[in-house]
Amino acid sequence: MVTAIWTVITFCLLIFIHELGHFLMAKKVGVTVHEFAIGMGPKIFQKQGKETLYSVRLLPIGGYVKLEGEDEESSSDGALCNKTPIQKFLVVIAGAVMNLILGFIIFVIIVSFKGAGTNVISEVIKDSPMEKAGFVQGDRIVKMEGEKKSSKISYYNDIVLFNMENNYGDAYITVKRADKEITKLVSPDEAQKTFGFKVSNLDKNPVSVVGAAFNEAVFMCRLAFLSFMWLFTGKVPVSSLSGPVGIVSTIGEASKTGVINVLYIMALISINLGIVNLFPLPALDGGRLVFIIIEMIRRKPVDSEVEGKIHFIGFALLLAFMLFVTYFDIQRIFG
């Protein structure tokens with residue numbers, strides 16, 4: 001029951017925020033919105049506004065805003081198809097932007113309560129590679145450089161991401177000690193792939209909390225792009241992806257360990273939803289953005305019937321892919 005409640009809250013919130021972005025921007029640029037719907041399937045609640053029908057539907061697995069002239073020709077001044085390319089662009093991108101903003105806001109809440117790892121060493125593990133290299137408590141890590149990767153370090157997340165991109169290999173680690181910079185080559189422990197140190201927690205004042213929350217959001221964005229790059233290059237198997245079933249399972253596990261962990265999963269999903277929606281694939285917001293960019297270059301829109309067919313095919317392929325991913329979710333959970 002707890003898993004079901006948190007799952008519905010998470011899905012509904014993420015869908016609502018995404019569609020709210022489209023809705024508010026559409027209203028801002030004068031597009032007629034016929035319906036604002038949360039969920040899919042039969043209606044369980046509806047209220048007719050002055051112009052827009054607001055509805056809640058049975059299945060909390062999607063939502064939409066129905067815009068005049070979105071997928072068809074219209075002579076109305078309030079039709080999306082009659083707006084400028086820039087106005088169309090803003091309406092389409094607004095949903096993903098709202099998901100990214102929501103992720104950041106959730107991280108502000110998380111960091112306010114839990115804090116965040118800094119780049120200051122609080123403890124050097126005895127006999128670790130860091131101790132052998134001469135690093136001590138209080139050193140501030142400012143840069144890490146590997147064979148093909150170099151990163152400035154401001155938070156612990158930057159260290160985590162560097163190690164992932166550097167394949168947990170050798171690194172030149174630069175620290176600030178007093179007013180001096182010290183650089184040492186460190187080889188991670190062969191068994192655990194760690195350097196052997198801990199970092200201090202954030203001093204939680206409003207400025208540092210906002211800064212750390214922004215870093216968390218950027219870290220998730222970069223991690224999402226890195227994950228998809230690994231997916232396309234074969235470093236990560238497709239079977240590792242999670243669909244709705246896997247997300248429900250993850251939310252259920254997080255709910256057993258506290259609200260903060262559920263919020264963390266919620267922020268992670270929100271940011272990933274925002275990024276994935278911007279991928280230039282038919283049926284996604286990113287696919288629609290491609291057609292808008294083509295319109296900007298050609299100085300005239302692509303035929304709406306052609307665009308509609310492409311999005312329909314893309315939507316069908318997306319559903320097929322979701323079923324494919326769901327199969328692996330079920331295997332992981334019950335296999």
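How many aromatic pairs does a search of the whole structure find? The search finds 7 of them, where rings of Phe, Tyr and Trp (its six-membered ring) pair if their centres lie within 6.5 Å, and where planes under 30 degrees apart count as stacked, over 60 as edge-to-face and the rest as tilted. The model is a predicted one, in which local features need pLDDT of at least 70 and side-chain atom pairs count only at pLDDT 80 or more, while totals for chains, interfaces and linings use all residues. Residues are numbered from 1 along each chain as its sequence is written, and side-chain values use heavy atoms, with hydrogens and water left out.

The chain as a whole sets the frame for these pairs. Its secondary structure comes to 9 helices and 8 strands, which are DSSP runs numbered from the N terminus (H or I over at least four residues for helices, E over at least two for strands). The C-alpha trace spans about 75 × 50 × 40 Å along its principal axes. Of the 335 residues, 41% are buried, a term that stands for under 20% relative accessible area, with exposed meaning over 50% and partly exposed in between (1.4 Å probe, protein chains only). Among contacts between residues at least 6 apart in sequence, 63% join residues at least 24 apart, contact being taken as heavy atoms within 4.5 Å.

One of the aromatic pairs is formed by Phe-23 and Tyr-54, which are edge-to-face at 6.0 Å centre to centre, with 65° between the planes. Because Phe-23 lies in helix α1 (residues 2-28) and Tyr-54 in strand β2 (residues 53-67), this pair ties together parts that are 31 residues apart in sequence. Phe-23 counts as buried at 10% relative accessibility, whereas Tyr-54 is partly exposed, with a relative accessible area of 33%. A second edge-to-face pair is that of Phe-104 and Phe-214, so classed because the ring centres are 6.5 Å apart and the planes stand at 75°. Phe-104 lies in helix α2 (residues 85-114) and Phe-214 in helix α5, so that the pair ties together parts 110 residues apart in sequence. Here Phe-104 is partly exposed at 24% relative accessibility, and Phe-214 is exposed, with a relative accessible area of 52%. Ring pairs also link Phe-16, Phe-23, Phe-36 and Tyr-54 into a cluster.

Helix α5 leads on to the helix packing. The axes of α5 (residues 206-233) and α7 (residues 259-277) come within 10 Å and cross at roughly 55°, the axes being lines fitted to C-alpha atoms, for helices over the stretch in contact, with angles running from 0 to 180 degrees between N-to-C directions. That angle makes α5 oblique to α7, since angles under 35 degrees count as roughly parallel, over 145 as roughly antiparallel, 65 to 115 as roughly perpendicular and the rest as oblique. The crossing of α5 and α7 is right-handed, meaning that the near helix is turned clockwise from the far one by less than a right angle, an anticlockwise turn being left-handed. On the α5 side the contact includes Glu-216, Met-220, Cys-221 and Phe-228, and on the α7 side Tyr-264, Leu-268, Ile-271 and Ile-275 are among the residues met. The residues of this contact divide into 11 nonpolar, 1 polar and 1 charged, where Ala, Val, Leu, Ile, Met, Phe, Trp, Tyr, Cys and Pro count as nonpolar, Asp, Glu, Lys and Arg as charged, and the others, Gly among them, as polar.

Within α5, Cys-221 is in contact with Leu-100, Ile-271 and Ile-275, leaving aside its neighbours within four places in sequence. The C-alpha atoms of Cys-221 and Leu-268 are separated by 9.0 Å, although these residues are 47 apart along the chain.

Helix α7 also meets α1: their axes come within 11 Å and cross at roughly 35°, again in a right-handed crossing. Trp-6, Thr-10, Leu-13, Leu-14 and His-18 in α1 face a set in α7 that includes Val-259, Met-266, Ile-269 and Asn-277. This contact divides into 8 nonpolar, 4 polar and no charged residues.

Helix α4 (residues 156-165) is largely enclosed by the rest of the structure, because 7 of its 10 residues are buried. Among them are Asn-157, Asp-158, Leu-161 and Phe-162, and the buried residues of α4 pack against β4 (140-145), β5 (150-152), β6 (171-177), β8 (197-201) and α5. Just after α4, Asn-167 takes a positive phi of about 55°.
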